[in-house]
Amino acid sequence: ISRTCARYGVTGFLATTVYKPGEDNRHLEVTAKAFERGLSGAQLLGVHHEGPFISAQKRGMIQPECLAEPAAQTLDQVCESTGAGLRMMTIAPELPGNLDLIERLARRGVIASLGHTHATYEEARAGFDAGIDHVTHLFNAMPGLHHRDPGPLGAIFESSDVTAQVIVDGVHLHPSTVRLAWAALGADRFVTITDGIQAMGLPDGKYIYNGVDYEARDGAARYRDGTLIGTALGLNQMVSRLIDFTGCTRIEAIRTVTENPAHVLGLSQQKGRIQAGYDADLVLMDDDLSVQTTIVGGKTVYQRDEE
């Protein structure tokens, strides 16, 4: 995963995964060790848990066994399993008990991100007041915007201190919706993500995620029932599509994958800029945004000519 991310111009990433209550969750131990010792490609900056305290109505590709009733004890178990690497948790503020968990996450220094939620406008606002300041894949796995019932989207758009991830592949969101998000959030609050899964960098075909068969085709990954579960596109490809869909400048688009995510993760004094004193994380690209070289901490981790 680390090396594949580097191929697409990623210098640092969050490992997004799930927690299965009552099971050994050995994958989290593996991730914690990788976080501690480092990897040979893009740097693992921490873990992002999608759940387990999310809405069953909006779970999307997340399986029922990966959900849990909000409880401080379960949160402690998640944190213990993940170790020091837990950086973000997607959470649904409308579930009873989750406002307390959001406050607990904030005290731990973990980013509470609104997502996989069926929240109303008021419930989303309450989540922001409790400590949510980020949003997981805007529009996806949440109620839509209605003129008499704005839902979480209305609350997100008018909250100037809330940033949001956007999947700009043109499949998860129609290009017109991407333009709406760009206009509503602005260049400062927009964070372009891949939502990339194991099929990224692999040919179209059938694979298995979390024990369930899926198919990756034309950059989109779906379960057999058609449920979108992620993408197989790289980050540089997403940046290119953002420019195509919105007409934003190349500088603005690149900011959504550099300065903006660094700010979200509290790393804006170390990463996201080419500046003295910052980490030497650099990507050399051609005019078409194809990646020539990826450098992490001053070390070349990907060189296209060496493929």
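The following exchange asks how several descriptions of this predicted model are justified.

Me: What kind of model is this, and how are its residues numbered?
Reply: The model is predicted, with local features needing pLDDT of at least 70, side-chain atom pairs counting only at pLDDT 80 or more, and totals for chains, interfaces and linings using all residues. Residues are numbered from 1 along each chain as its sequence is written, and side-chain values use heavy atoms, with hydrogens and water left out.

Me: How do you know that the span of helix H2 agrees with its number of residues?
Reply: Helices (H or I, at least four residues) and strands (E, at least two) are DSSP runs, numbered from the N terminus. The expected span of a helix is 1.5 Å times one less than its number of residues. Helix H2 covers residues 26–37, and its 12 residues should therefore span 16 Å; the end C-alpha atoms are 17 Å apart, which agrees.

Me: What makes one face of H2 the buried one?
Reply: Buried means under 20% relative accessible area, exposed over 50%, and partly exposed in between (1.4 Å probe, protein chains only). In H2, Leu28, Thr31, Ala32 and Ala34 are buried. Viewed down the axis of H2, the buried residues fall within an arc of 165°, so they line one face of the helix; the arc is that of the directions from the helix axis to the C-beta atoms. On the other side of H2, Arg26, Val30, Lys33, Glu36 and Arg37 are exposed.

Me: What do the buried residues of H2 pack against, and how does H2 run relative to E2?
Reply: Contact means heavy atoms within 4.5 Å. The buried residues of H2 pack against strand E1 (12–17), strand E2 (43–50) and helix H3 (72–82). H2 lies across E1 and E2, running at about 150° to E2. Axes are lines fitted to C-alpha atoms, for helices over the stretch in contact, and angles run from 0 to 180 degrees between N-to-C directions. H2 is followed by Gly38, which has a positive phi near 90°.

Me: Why are E1 and E7 said to stand at the edges of the sheet?
Reply: Two strands pair if DSSP finds at least two bridges between them. An open sheet is formed by 7 strands in the order E1-E2-E3-E4-E5-E6-E7, and the pairing is parallel. E1 and strand E7 (190–193) each have a single partner strand, so one side of each is left without a neighbour in the sheet.

Me: How do you know that E4 and E5 count as paired?
Reply: Strand E4 (residues 111–114) and strand E5 (residues 134–135) are joined in the parallel sense over 2 bridges, and the definition asks for at least two. The bridge partner of Leu114 in E5 is Val135.

Me: Why is the crossing of H3 and H4 called right-handed or left-handed?
Reply: A crossing is left-handed if the near helix is turned anticlockwise from the far one by less than a right angle, and right-handed if clockwise. The axes of H3 and helix H4 (residues 98–108) come within 10 Å and cross at roughly 35°. The crossing is right-handed. The contact involves Ala72, Leu75, Asp76 and Cys79 of H3 together with Leu101, Arg104, Leu105 and Arg108 of H4.

Me: What makes His137 and Phe139 count as buried, and Gly196 as partly exposed?
Reply: His137 has 6% relative accessibility and therefore counts as buried. Phe139, at 18%, also counts as buried. Gly196 has a relative accessible area of 36% and is therefore partly exposed. Gly196 sits in the loop between E7 and strand E8 (205–209).

Me: What is noteworthy about phi in His137 and Phe139, and about the bond between Gly51 and Pro52?
Reply: Most residues other than glycine have a negative phi, and most peptide bonds are trans. His137 has a positive phi near 25°, and Phe139 has a positive phi near 80°. Gly51 and Pro52 are joined by a cis peptide bond with omega about 15°. Pro52 is in the loop between E2 and H3.

Me: Why is strand E13 described as mostly covered?
Reply: In strand E13 (residues 291–296), 6 of its 6 residues are buried. Strand E12 (residues 282–285) runs antiparallel to E13, joined by 4 bridges, and Leu284 stands opposite Thr293. E13 also pairs with strand E14 (residues 299–303) in the antiparallel sense over 4 bridges.
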